[in-house]
Amino acid sequence: MAYPRRSPDDHYVTDTSDLQSETESILHKHLPTNPESPPPLQRNQHLQFLVKSLVQGFPSRYTSQDASQPWLLFWTLQSFSVLGVALDPDNKQKAIDTIMTWQHPDGGFGGGPGQQAHLLPTYASVCALAIVGRPGPGGGWDQINREKTNEFFMSLKQPDGSFLVSHDAEVDVRGIYCLLVVAHLLDILTPELLDGTPAFIASCQTYEGGFSCASQPYFSAEADELTIVLDAIRPPLGEAHGGYTFCALASWLMLQPYLKLHGRTEPQPTINYRKLMRWLVHLQGNEIELGGFRGRTNKLVDGCYSWWVGGCFALLASQGIGGGYGRDVEPSTEAHDEGDWDDVDESVWSKLWLQRYILCAAQHPSGGLRDKPPKAADSYHTLYCLVGLSIAQHNVYPSPARRAHIAAQWQSPSGYANEEFRKASFLEVLSWAEEEGGSHVLGGLANRVNATHPIFTLTMTHTEAFMSHFYDQAISRSK
């Protein structure tokens, strides 16, 4: 087998170029002799890795993650869900009881018992409850203080439409994504909450096409009580980054019902999809990098960006950009060969290559998944490699048929404020469906994982059950 071509450089040796060359040499050793037959998904080893963390607790090195307790639990629980494994009732209840100790009396959730409320652990806590919780006493769902959560969100809102991640903290687009997901899940969206947020998201797009963590707000210098945000000069802060970009793009899609129903009469904010797509495409590694994704320009490939960057392509496809958009079709009566890639549109990015990277390089021999060899596995990379594998296997898209099906069953309560906006937001996020016959699993069905909601990073089933409860809807799966 011919040695794959090295990544081009300018023949000027630096620490960066040396590290890139070293990484390519290591990854090349993990390239299978037959690229069409990668190592199987070591499901049992990964489950043992997750169970060990859940039951025995995390190693001592995780003490530095004390303020990330909700994330450690969410990464573990969602990894189980992607692998198609559910917890037993006793462990579910233990998880619920633990999560509820993180709820702050003034709204939101902190990183641990008694810690300050923060948007990021609020997302992780609520999503973890969507996985293991249930309605009723002790089930967690009805113990979430939605009114206080909404007050907490509003207390973080800034004049330019952005949000602090917690009181006296910084603005970060990841926090806005977390806020929007929770607001959708808990049915606490309001036009007041979202005013100015689309313009802020758009202002974070950099010259490269990706998104940075924030933008520099500029306010009018007039000494009056009305603060005016100047749109003309709001440069992004920092470079484009895969994690920020996913959060910004997912937030942008969640904001579309608001823009359609409550957009102002003046020109609405826009993002440059063309530049975004160009930047994303160039983040996929070449053959010697096994087709993994890097998170920034001129950086190394990393397994977690299988989701943060790979997931962006599903979001863009939902807007008709980049190909791969699903279709509402009748299921085929013919047997479907999961190994047949002839009909797959991979003109923009290679789903096959991404699956190969995860199976060949991201799996740790002892269980769990990782950034890349020879690094150790951890719960963060285990989840985001698995959901990256999911997005590369399944074609999940906004289904017009599914949207019509949900709309026909919608029940409107009397006297509910912003009912049209509430319904539109519900339909927008629950119309996502997996295309029949659209999955392509490298290595056969034994490597298949569950489909993932491209916006929420939850399974489709958990998303629908959780939202249906809080919106007081009974939505069936049948068409």
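Which residues does L186 touch, not counting residues up to four places away in sequence? The legend to Figure 2 gives the list.

The structure shown is a predicted model, in which local features need pLDDT of at least 70 and side-chain atom pairs count only at pLDDT 80 or more, while totals for chains, interfaces and linings use all residues. Residues are numbered from 1 along each chain as its sequence is written, and side-chain values use heavy atoms, with hydrogens and water left out.

**Figure 1. The protein chain as a whole, with 19 helices and four strands.** Helices (H or I, at least four residues) and strands (E, at least two) are DSSP runs, numbered from the N terminus. The radius of gyration, taken over C-alpha atoms, is 22 Å, close to the 23 Å that the globule rule gives for 479 residues, so the protein chain is as compact as a globular protein of that length; the rule itself is 2.2 Å times the number of residues to the power 0.38. Along its principal axes the C-alpha trace spans about 70 × 55 × 50 Å. Of the 479 residues, 55% count as buried, a word that here means under 20% relative accessible area, with exposed meaning over 50% and partly exposed in between (1.4 Å probe, protein chains only).

**Figure 2. Close-up of L186 in helix α7 (residues 173-186).** L186 is buried, with a relative accessible area of 0%. Not counting residues up to four places away in sequence, L186 touches V126, I144, R146, T149, F466 and F470, where contact means heavy atoms within 4.5 Å. The C-alpha atoms of L186 and I455, which are 269 residues apart along the chain, are separated by 15 Å.

**Figure 3. Close-up of H46 in helix α2 (residues 43-56).** H46 is buried, and its relative accessible area is 0%. The side chain of H46 reaches the backbone nitrogen of G368 at 2.9 Å, a polar contact being a pair of N or O atoms within 3.5 Å, of which, within protein, one must be able to donate a hydrogen and the other to accept it, and residues adjacent in sequence count only if both atoms are side-chain atoms. Leaving aside residues up to four places away in sequence, H46 touches G368 together with L41, L83, Q363, H364, G367 and L369.

**Figure 4. Close-up of N272 in the loop between α11 (256-262) and α12 (273-281).** N272 is partly exposed, with a relative accessible area of 32%. Its side chain reaches the backbone nitrogen of K275 at 2.9 Å. The C-alpha atoms of N272 and G209, 63 residues apart along the chain, are separated by 7.0 Å.
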